[in-house]
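Work through the exercises below with the sequence and the model open. Each task is followed by a stepwise solution.

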Number of protein chains: 2
Amino acid sequence: MRALPLQAPVLGILGGLGPLATVDFLEKLTRLTPAGRDQGHVPWLTVSQPGTPDRSTAILAGEDAPREHLIRGVTFLAAQGVSLIAVPCNASHYWMPAMRAAVTVPILHIAEAAAAELRDMHGPGARVAVLGTRGTVAGGVYTEPLRAAEAHAVDLPETVQHGVDAAIEAVKGGRLDDGIEALGGVTGGLSGHAIDVAILACTELSVIWNRLADAPSAVDSSLALARTCLRTLGYASR
Amino acid sequence: MRALPLQAPVLGILGGLGPLATVDFLEKLTRLTPAGRDQGHVPWLTVSQPGTPDRSTAILAGEDAPREHLIRGVTFLAAQGVSLIAVPCNASHYWMPAMRAAVTVPILHIAEAAAAELRDMHGPGARVAVLGTRGTVAGGVYTEPLRAAEAHAVDLPETVQHGVDAAIEAVKGGRLDDGIEALGGVTGGLSGHAIDVAILACTELSVIWNRLADAPSAVDSSLALARTCLRTLGYASR
């Protein structure tokens with residue numbers, strides 16, 4: 001079934017994971033597109049499913065509650081005739097094999113997009129801080145992409161992970177100032193760990209990273225995914 | 001046909017008119033929602049159709065090229081089972097009768113939303129500057145809503161309309177700094193015209209208004225539409 005009333009190709013986006021992170025991804029996609037007017041932009045279809053159960057909680061508990069929501073989301077997008085699917089939520093990628101098995105439309109992998117940018121920026125051997133939910137870390141979402149990029153994930157101190165958790169929760173609750181404060185503590189806690197670069201491995205962190213007073217260099221998984229969308233669809237990128 | 005894999009009710013949004021204005025609307029919708037976590041947010045489906053021909057140009061030329069795109073957009077959204085439709089583009093409302101005739105799902109009117117906020121803020125008799133495309137103004141998108149709100153639209157000097165045009169074009173081209181500069185000239189040009197309040201009657205202006213150094217009080221049509229969506233769907237609003 002091709003139901004979309006649009007020019008092809010159309011980018012499908014599974015959103016709401018969380019809602020503000022989806023908006024941030026869409027803004028990055030739009031701002032990266034070197035169009036001088038509306039008509040040069042990417043046509044897209046975004047379905048926002050904020051009711052999807054929390055991904056990190058499920059991974060840590062060994063539960064599968066988000067799986068069916070994610071599969072129904074990508075199946076819906078594929079049924080509308082989109083050419084490519086992006087899921088701007090890192091923890092959701094724990095279920096990427098199931099999502100990919102459910103549709104024939106290609107689905108980009110956010111950690112592969114981020115790891116490829118990391119490799120381009122730092123070459124092999126980089127020591128990286130993967131800043132994401134505990135589910136993303138424990139679920140190994142970045143394990144294979146970082147291995148392919150020949151990068152080493154550094155184990156983070158509990159205090160740093162605690163700050164990451166607090167920042168993510170604050171953004172999801174619409175308390176951006178609290179999130180920025182928590183993330184500021186995270187960047188301070190990373191010093192002294194011989195880290196070459198941080199990966200923003202949670203799209204909530206992408207929302208606020210650039211609002212930090214002294215944001216260190218980082219690979220933003222949301223930005224990397226947006227760039228990969230444009231390149232895959234044949235668009236240039238600012 | 002109800003094809004959406006979501007919890008109901010779902011808000012349908014016809015976007016891409018233009019792309020950055022759609023992102024701004026989605027951000028306002030999200031930030032206005034008083035949810036402490038993902039699961040309290042509005043489920044939505046947004047179709048972005050940036051290839052829709054320019055609305056203002058068509059209105060001024062007496063052409064109907066955008067009509068079919070708009071109808072196909074709302075028809076697509078209605079076919080997916082959305083409960084309510086919003087179109088965050090003022091000029092597109094010139095074709096609102098045709099869009100409403102095409103679907104049974106209710107479609108909110110952005111100018112009615114803005115005029116109702118104007119009336120709440122300023123009471124009857126307000127003298128307003130309708131800052132929008134020449135198509136929105138000449139096409140009378142605000143005529144009836146302002147009459148219902150007992151407000152008076154002031155004729156704008158050509159230099160002011162020229163600045164509005166420049167600001168809108170700059171935002172559509174991703175040149176936000178140019179847009180802010182042009183809009184700064186507009187606010188200067190409005191002084192001395194005994195205007196009580198401006199209406200941001202183009203969603204591109206909504207993107208940059210709050211980035212002005214001394215933004216005067218204004219009714220933001222995009223914000224008013226987002227608030228009306230939440231209220232209509234039974235959500236509280238920050």
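**Exercise 1. Charges across the interface**

How many salt bridges does the rule find across the interface of chain B and chain A?

Solution. The model is predicted, so local features need pLDDT of at least 70 and side-chain atom pairs count only at pLDDT 80 or more, whereas totals for chains, interfaces and linings use all residues. Residues are numbered from 1 along each chain as its sequence is written, chains are lettered from A and ligands numbered from 1 in the order in which they are written, and side-chain values use heavy atoms, with hydrogens and water left out.

Step 1. Apply the rule: a side-chain nitrogen of Lys or Arg within 4 Å of a carboxyl oxygen of Asp or Glu. Between chain B and chain A this gives 4 salt bridges.

Step 2. Take an example. B:Lys172 and A:Asp38 form a salt bridge through their side chains, at 2.7 Å from N to O.

Step 3. Add the polar contacts (a pair of N or O atoms within 3.5 Å; within protein, one must be able to donate a hydrogen and the other to accept it, and residues adjacent in sequence count only if both atoms are side-chain atoms). Between chain B and chain A, 11 residue pairs are in polar contact, both residues being at pLDDT 80 or more.

Step 4. Assign the surface to elements, where helices (H or I, at least four residues) and strands (E, at least two) are DSSP runs numbered from the N terminus. Helix H1 (19-32), strand S2 (44-48) and helix H3 (65-79) of chain B each give at least two residues to the side that touches chain A. H1(B) has the largest share of that side, with 8 residues.

**Exercise 2. Extent and symmetry**

Determine how much area the two chains bury and how the copies are related.

Solution. Step 1. Count contacts, meaning heavy atoms within 4.5 Å. In chain B, 47 residues are in contact with 47 residues of chain A.

Step 2. Take the buried area, which is the accessible area (1.4 Å probe) that two parts lose on being put together, summed over both. Chain B and chain A bury about 3600 Å² between them, and 59% of it lies on carbon and sulfur atoms.

Step 3. Superpose the copies by least squares on the C-alpha atoms of residues with pLDDT of at least 70 in both. Chain B falls on chain A after a rotation of 180° with 0.0 Å of shift along the axis, at an RMSD of 0.0 Å. The two copies are therefore related as by a two-fold rotation axis.

Step 4. Locate the axis. Among the residues of chain B, B:Thr46 comes closest to it, with its C-alpha at 2.6 Å.

Step 5. Compare the two sides. The copies meet through the same surface, because 100% of the interface residues of chain B are also interface residues in chain A.

**Exercise 3. Strand pairing**

Which strands pair between the chains, and in what order do strands lie in the sheet of chain A?

Solution. Step 1. Two strands pair if DSSP finds at least two bridges between them. Strand S2 (residues 44-48) of chain A is joined to S2(B) by 5 bridges, and the two run antiparallel. In this pairing A:Leu45 stands opposite B:Val47.

Step 2. In chain A, 4 strands form an open sheet with parallel pairing, in the order S5-S4-S6-S7. Its edge strands, S5 (152-153) and S7 (218-220), each pair on one side only.

Step 3. Within that sheet, S4 (residues 127-131) and S6 (residues 197-200) of chain A run parallel and are joined by 4 bridges. A:Val130 stands opposite A:Ile199 in S6(A).
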